[in-house]
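Notebook open, structure loaded. I want to go through helix packing, a few single residues and the backbone oddities.

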Amino acid sequence: MASYVEIVFGIVALIAALYYYFTSTFDFWKVRGVPGPKPVPVFGNIKDTMLLRTSMSNLLRNLYQEYKDEPMIGIFTRRTPVLIVRDPELIRDVLIRDFSKFSDRGIPNNEKVEPLSSHLFNLETERWRPLRTRLSPVFTSGKLKEMFPLILECAEHLTQYLEKVVAKGEPVECRELSAKYTTDVIGSCAFGIEMNALTDEDSEFRRVGRKVFATGFMQVLKLQLRQAFPWIFILLNYVTSPAEVTTFFTKVIVDTMKYRTENHLVRPDFVNMLMELKNHPDKLENVELTDTLLTAQAFVFFIAGFETSSTAMSNALYELALNPNIQEKLREEIRRHYNQNNGELKFEGIKDMTYLDLIFRETLRKYPPGPSMMRKSICNYTFDGTKVTIPAKTFIWIPLFAIHRDPNIYANPDAFIPERFSDDAVVKRHPMHYLPFGDGPRNCVGARFAAYQSKVGLMKILRNHKVEVCEKTMIPYVIDPNAFLLAPKGGIYLKITKIES
């Protein structure tokens, strides 16, 4: 009987300890006077996203609207306090004015467990700053102009591939179509490698790209463990074999650099910049340049370069299919560009494609790559004009999707209206109310490259093809709650037909 009582008391004590562990931080925002929803043990305020009932984009949008009169909202991811910043001036403070106090993204980074996680997007300030300075020249206008013929070559392959796809007369999954094209562009422009995603159905690079952004049960479980129970995540990775993606990319980059060195090959691309860093490590103080660290930079350029751009392209095609008048107006501008340039696509002329730019920006407004932008304070900080002080290592979220869909900023926000980005309309809005590529020193280093490859791909598709909705088109658009980045559930299927030029 005594042992039975001891067991019962032991269970009760364990439950009490767990309850205390999961709720001991729940007064964090209350004592600081920051409003927010009541958290629940284990889940905090993200129960529906953890259980895959809704996407993080929609969860943050609902919170944003519920606390529409508040400059900040305090929530919890499980037991961790997170501050959602709504006020544009406070957002500017975090991203620009006081950047040095929020220069970390706060993303877990364990190089022994995930070797390719030590890239520009994730790195802490000490290594991020010198690497960003040395890698940024790859994305200048001059370098982009040098890469432009390579983009055009891949775009021509896209045109040829599209002819074969259209001839089948079946609905086209536009995310896969766009991803094949952007994979080839990144391969050519960044690595000097023909990835053949458009011509080879068994392309290794396209297969690996799909694997990185897979949304199956194991991928979702791994992400949940990484965030909620990092020690379990680390333990599991230690007892399993190295990830296929890590092995594949490390071999590709190391072999490419070795081949170029042995054959004295120089190419104006990302790999060449990595080789320069490896040959002159003295240019990077306090950074140990290993093959893994260099590979990680190439890896993030690959995954960010193909996935975000292909998603933007397919989302644009989706909206153009729903809005045929906008599509026809864009096609007229595209054909005008070709006619003015003797049937060719010119680098200098793309920046003059005003309507294409409006459509591209409106697409990224409605479908920003991620639901939020993350930062972590590196010291105690008091927000200007408030009495709210946060300690070092506090997480900050800037809810991009919610801001971009705010009806007080963008009237009728779920409608697709390119004219929102006319010069007159833009100057009337706060600059922090449009942040698809972030802002400040830690904005997206490849934003200009992404815009060019996406615009070229759209021009090639739409010049002589019409996109329309079909029986497989998802209407309305549903965000996949399993996806890491904002993505449609089930893909984007459209009818694409050839039209006379």
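Before I look at any side chain, the cut-off I am using: a residue is buried when its relative accessible area is under 20%. I also note that this is a predicted model.

**Entry 1, glutamate 307.** I looked up where glutamate 307 sits and found it in helix α13. Is glutamate 307 buried or exposed? Its relative accessibility is 8%, so glutamate 307 counts as buried. I also checked a partner far along the chain: proline 369 is 62 residues away in sequence, and the two C-alpha atoms are 9.0 Å apart.

**Entry 2, α13 against α16.** I stayed with α13, residues 291-322, and looked at its packing with α16, residues 354-366. The axes are 9 Å apart and the angle is about 100°. That angle falls in the 65 to 115 degree range, so α13 is roughly perpendicular to α16. From α13 I listed Ala312, Asn315, Ala316, Glu319 and Leu320, which meet Ile359, Phe360, Thr363, Leu364 and Lys366 of α16. Sorted by class, this contact has six nonpolar, two polar and two charged residues.

**Entry 3, isoleucine 492.** Next I went to the loop between β8 (465-468) and β9 (493-498), where isoleucine 492 is found. Its relative accessible area is 1%, so I wrote isoleucine 492 down as buried. What does isoleucine 492 touch, once neighbours within four places in sequence are set aside? I got Val172, Glu173, Cys174, Arg175, Ser314, Asn315, Tyr318 and Tyr477. Asn315 is also in the α13 set that meets α16. The C-alpha atom of lysine 472, 20 residues away along the chain, is 8.3 Å from that of isoleucine 492.

**Entry 4, a cis bond.** The loop between β8 and β9 also holds proline 476. I checked omega for the peptide bond joining isoleucine 475 to proline 476: about 0°, a cis bond.

**Entry 5, α6 against α19.** Which way do these two helices run relative to each other? I found α6 (residues 141-167) and α19 (residues 447-463) coming within 9 Å, axis to axis, and crossing at roughly 30°. With under 35 degrees as the limit, α6 and α19 are therefore roughly parallel. I noted the crossing as right-handed. The α6 side includes Leu144, Phe148, Ile151 and Leu162, and the α19 side includes Phe449, Tyr452, Val456 and Ile461. I tallied twelve nonpolar, four polar and three charged residues for the contact of α6 with α19.

**Entry 6, cysteine 444.** UniProt (unreviewed entry) annotates Cys444 as "binding site". I placed cysteine 444 in the loop between α18 (423-427) and α19. Its relative accessible area is 35%, which makes cysteine 444 partly exposed. Beyond neighbours within four places in sequence, I found cysteine 444 in contact with Arg132 and Phe437.

**Entry 7, positive phi.** I pulled out leucine 52, which has a positive phi of about 60° although it is not a glycine. Leucine 52 is in the loop between α2 (47-50) and α3 (56-66), and at 32% relative accessibility it counts as partly exposed. Arginine 78, not a glycine either, also has a positive phi of about 60°. I found arginine 78 in the loop between β1 (72-77) and β2 (80-85), and at 11% relative accessibility arginine 78 counts as buried.

**Entry 8, residues 6-22.** Last, I looked up the UniProt feature "transmembrane region" (unreviewed entry), placed at residues 6-22. In the model I read 100% helix and 0% strand over residues 6-22, with the end C-alpha atoms 24 Å apart.

How values were computed. Residues are numbered from 1 along each chain as its sequence is written. This is a predicted model: local features need pLDDT of at least 70, side-chain atom pairs count only at pLDDT 80 or more; totals for chains, interfaces and linings use all residues. Side-chain values use heavy atoms; hydrogens and water are left out. Axes are lines fitted to C-alpha atoms, for helices over the stretch in contact, and angles run from 0 to 180 degrees between N-to-C directions. Angles under 35 degrees count as roughly parallel, over 145 as roughly antiparallel, 65 to 115 as roughly perpendicular and the rest as oblique. A crossing is left-handed if the near helix is turned anticlockwise from the far one by less than a right angle, and right-handed if clockwise. Contact means heavy atoms within 4.5 Å. Ala, Val, Leu, Ile, Met, Phe, Trp, Tyr, Cys and Pro count as nonpolar, Asp, Glu, Lys and Arg as charged, and the others, Gly among them, as polar. UniProt positions are given in the numbering used here, feature names are shortened, and annotations may be inferred rather than shown by experiment. Buried means under 20% relative accessible area, exposed over 50%, partly exposed in between (1.4 Å probe, protein chains only).
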